[in-house]
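This report describes selected features of one structure for a reader who works with coordinates. It moves from helix packing through aromatic contacts to enclosed and open spaces, and ends with backbone angles.

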Amino acid sequence: MKHPFISVIVPVYGVEMYIGRCFDSLLSQTYKDFEIVFVDDCTPDASIDIIRQRIQSLGKLDIDIKIIKNEHNKGLAVTRNVGLENAAGEYVCFVDSDDYITNDSLHLLANVVISSGADIVKGNYARVCNKKVEPKYFFHPSESKDYCKAILDWGKIAPRIWGGIYKKSLFIDNKITFPNGLDFGEDLYASAHICYFATKIIHINEIVYNYWINPNSYCSVYKEKNAISLIENYKRICNFYKQQVDYSEFEESINRGRAKIKISILAQLNSQLRPKYYKLWNDEISRTKLPLNIAAKLIALEHGCYYLYRVIYKLFH
């Protein structure tokens, strides 16, 4: 049996309003050498029924579609791991079920892989909110080490796992999985690991992914559990890089990353929760090596001066 070149992994939970749009974007691909792996994380709504109805209405398909069901709700990170375990393709692509991809997305990404032999090919994306579509174009380093540094330097580039295709063997050979139970910052965790082992990473300028802004989503509503998950994910990343012989090359990026993550957490948590994180990473962040604007924002927030932080933020934005 011929294996597909790409496996598209789609976790499914509570997306009955959006899954039809996601499904249609996958079935509309101009590229056909792929399979879809839907992983049902015990969704409580009609999401899976909608998928099955669409499959049945289409009759014979050019591609294989798998529907895997978790025995109980496991969360986004583990659900992606289940998708990886059931993926038959040489490359994998992650699509969140409330998002959708452009009709030529897989065609553009696969063509670059075939012509270059790259381990990872990523494209640009658009933010979609209601009927407003906002394309996002970013500079991405071409060298894998520089790509890792940019990911570690929180916010320099989006550490998104979606919007690209990855050689599956990068995950398998290096035992990379999404962190169990840590469903915020899991993209950062996976990206920081997989890019370290990649030999060749290519970024294309075309829009290949549409990222739906749902105000009620896990990422949009910031909670303390998000902060805890992000901190733990970044701690694990730091531990991984400390074990590598070339750690010194990444140390400066990690220092800035810690500072910027701490700023993000202190800025987004409410005033009652904020003091719990004033001393986060105090012994691990070298303030003398931080750019002035980052150091100033960090110090303001650590001392509870939120008004001063907003002034500094406006000055540097």
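Contact here means heavy atoms within 4.5 Å, and a residue is called buried when its relative accessible area is under 20%. The model is a predicted one, and the statements below should be read with that in mind.

**Helix packing**

In helix α5, which spans residues 144–152, the buried residues are Ser144, Tyr147, Cys148, Ala150, Ile151 and Leu152. The elements that cover these buried residues include the strands β6 (120–129) and β9 together with the helices α7 (186–197), α8 (224–242) and α9 (251–268). Helix α1, residues 19–27, has as its buried residues Ile19, Gly20, Cys22, Phe23, Ser25 and Leu26. Their cover includes the strands β1 (6–12), β2 (34–40), β3 (64–69) and β5 (100–101), as well as helix α2 (47–58).

Ile63 belongs to the loop that joins α2 and β3, and with a relative accessible area of 9% this residue is buried. When residues up to four places away in sequence are set aside, Ile63 touches Leu27, Lys32, Phe34 and Ile36. The C-alpha atoms of Ile63 and Glu35 lie 5.6 Å apart in space, although the two residues are 28 apart in sequence.

**Aromatic pairs and charges over rings**

Counted by ring centres within 6.5 Å, the model has 22 aromatic pairs. Tyr241 and Phe250 make an edge-to-face pair, because their planes stand at 70° with the ring centres 4.9 Å apart, and an angle over 60 degrees falls in that class. Tyr241 has a relative accessibility of 0% and therefore counts as buried, and Phe250, with a relative accessible area of 0%, is buried as well. The pair of Tyr309 and Tyr313, by contrast, is tilted, with 6.0 Å from centre to centre and 50° between the planes. Tyr309 and Tyr313 are four residues apart in helix α11 (residues 306–315), so about one helical turn separates them. Tyr309 counts as buried at 9% relative accessibility, whereas Tyr313, at 38%, counts as partly exposed.

Tyr241 and Phe250 also belong to one aromatic cluster, which is formed by Tyr196, Phe197, Phe240, Tyr241 and Phe250.

Two arginine side chains place their charged ends over aromatic rings, as the table sets out.

| Charged residue | Ring beneath | Distance to ring centre |
|---|---|---|
| Arg21 | Trp212 | 4.7 Å |
| Arg274 | Tyr306 | 4.4 Å |

**Enclosed and open space**

Rolling a probe the size of a water molecule over the atoms shows where empty space is left. How many cavities of 30 Å³ or more does a search of the whole structure find? The search finds one, and the space in the largest cavity comes to about 30 Å³. Its lining consists of Cys93, Phe94, Val95, Ile101, Ser105, Leu109, Gly163, Gly164, Val208 and Tyr209. The elements that contribute two or more residues to this lining are β4 (91–94), α4 (105–116) and β9 (201–212). By class, the lining of the largest cavity has seven nonpolar and three polar residues, and no charged ones.

The second largest pocket holds about 170 Å³ of space, and its lining is made up of Tyr247, Ser248, Glu251, Glu252, Ile254, Asn255, Arg258, Glu284, Ser286 and Lys289. In this lining, five residues are charged, three are polar and two are nonpolar.

**Backbone angles**

Most residues other than glycine have a negative phi. Lys175 is a residue other than glycine with a positive phi, near 55°, and it is placed in the loop between α6 (168–173) and α7. Trp281, likewise not a glycine, has a positive phi of about 60° and is found in the loop between α9 and α10 (292–302). Are these two loop residues buried or exposed? Lys175 is exposed, with a relative accessible area of 73%, whereas Trp281 counts as buried at 5% relative accessibility.

Methods
Residues numbered from 1 in each chain as written. Predicted model: local features only at pLDDT ≥ 70, side-chain atom pairs only at ≥ 80, totals over all residues. Heavy atoms only, no water. 1 Å grid on protein atoms, 1.4 Å probe; cavity = no way out; pocket = protein on both sides within 12 Å on 5 of 7 lines; lining within 4 Å. Points joined across faces, edges and corners; volume = space filled by probe spheres on them. Nonpolar A, V, L, I, M, F, W, Y, C, P; charged D, E, K, R; others polar. Phe/Tyr/Trp six-rings, centres within 6.5 Å; stacked < 30°, edge-to-face > 60°. Buried < 20%, exposed > 50% of the residue type's maximum accessible area, 1.4 Å probe, protein only. Lys NZ or Arg CZ within 6 Å of the ring centre and 35° of its normal.
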